[in-house]
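This is a short report on how some helices of one model are arranged. Please look at the sequence and the structure first.

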Amino acid sequence: MERFLVGRGYAYLIKTLRLYAQSGQANRAAVLRSMALGTDQPQVWAMLHDLLKYFDDNQWPEAMRRTIYMHLVDRMVKGGDVAQTDTLWNEAMAWATEREDRPMQAWLLFAGSQLDHRRQDLYRARDRANDALKLFGALEDKLKLGEVHSHLAMIELADGNPNAALDQAQKAEDVAGIPPMKAQAEFVRGHVARRNKKNPEA
């Protein structure tokens with residue numbers, strides 16, 4: 001079953017893991033689970049979230065919960081149902097807040113801002129991004145600070161504030177001057193130049 005059927009879908013993976021577990025082959029089940037996670041299939045992360053939810057009497061490692069929340073939120077923010085993503089986000093934030101996990105709280109605020117931007121709630125997107133900035137600043141995470149400033153630049157562009165967008169792009173470049181951040185800053189400048197009909201600068 002592992003060799004011929006697991007690759008065809010989530011249901012075969014579950015059956016194979018159960019068979020291994022019932023036959024006392026816990027090590028093989030763990031290896032197969034790790035291989036499934038390594039392929040980064042979205043349904044596997046959803047499966048693991050369901051396991052945490054329905055078998056809450058187990059002492060799941062906190063690092064495992066954190067990883068599952070972050071992977072699943074990241075995927076759903078980019079393309080999942082908005083209402084379901086909100087529910088998952090609130091669950092993950094409550095878990096992180098209870099444990100005073102500041103890095104995860106900052107990451108979730110950034111992810112929430114990206115979700116707000118996707119649904120065109122620019123006011124809330126800006127608000128959550130600024131909250132993320134405060135936490136990442138306290139953590140002295142310059143790379144994340146740069147990413148959030150770049151994100152804020154896109155929010156300002158969408159909201160029709162070209163000067164604010166340029167300011168955020170410059171901040172991103174100043175705080176984390178790596179090639180991706182510089183490229184994003186140039187993209188913002190080019191976009192503003194096109195809006196101003198300054199084609200040579202674009």
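The text below covers two helix pairs, then one further helix and its surroundings.

This is a predicted model, in which local features need pLDDT of at least 70 and side-chain atom pairs count only at pLDDT 80 or more, while totals for chains, interfaces and linings use all residues. Residues are numbered from 1 along each chain as its sequence is written, and side-chain values use heavy atoms, with hydrogens and water left out. Helices are DSSP runs of H or I with at least four residues, numbered from the N terminus.

**Two helix pairs**

Two packed helices are described by the angle between their axes and the distance between the axes. Axes are lines fitted to C-alpha atoms, for helices over the stretch in contact, and angles run from 0 to 180 degrees between N-to-C directions.

| Pair | Angle | Distance between axes |
|---|---|---|
| α5 (residues 82-98) and α6 (residues 102-118) | about 165° | 10 Å |
| α6 and α7 (residues 122-139) | about 160° | 8 Å |

The angle between α6 and α7 makes them roughly antiparallel (over 145 degrees). Their contact (heavy atoms within 4.5 Å) involves, among others, W107, F110 and H117 of α6, and the residues of α7 in it include R128, L135 and F136. α6 passes α7 in a left-handed crossing (the near helix is turned anticlockwise from the far one by less than a right angle).

α5 also passes α6 in a left-handed crossing. Among the residues of α5 that meet α6 are W89, M93 and W95; those on the α6 side include M104, L108 and R118.

**Helix α9 and its surroundings**

Helix α9 has 14 residues (162-175), and its end C-alpha atoms are 20 Å apart. This agrees with the expected span of 20 Å, at 1.5 Å a residue (1.5 Å times one less than the number of residues).

Which residues of α9 are buried? They are A165, Q168, A169, A172 and E173 (buried means under 20% relative accessible area, with a 1.4 Å probe and protein chains only). These residues cover an arc of only 140° around the axis, which puts them on the same side of α9; the arc is that of the directions from the helix axis to the C-beta atoms. What covers them includes α8 (142-158) and α10 (179-195).

The face of α9 turned away from its buried side carries N163 and D174, which are exposed (over 50%). D174 has a relative accessible area of 56%. D174 and G146 are 28 residues apart in sequence, and their C-alpha atoms are 8.0 Å apart in space.

S150 lies in helix α8 and is buried, at a relative accessible area of 8%. Leaving out residues up to four places away in sequence, S150 touches A172, M181 and Q184.

Conventions:
Helices (H or I, at least four residues) and strands (E, at least two) are DSSP runs, numbered from the N terminus. Angles under 35 degrees count as roughly parallel, over 145 as roughly antiparallel, 65 to 115 as roughly perpendicular and the rest as oblique.
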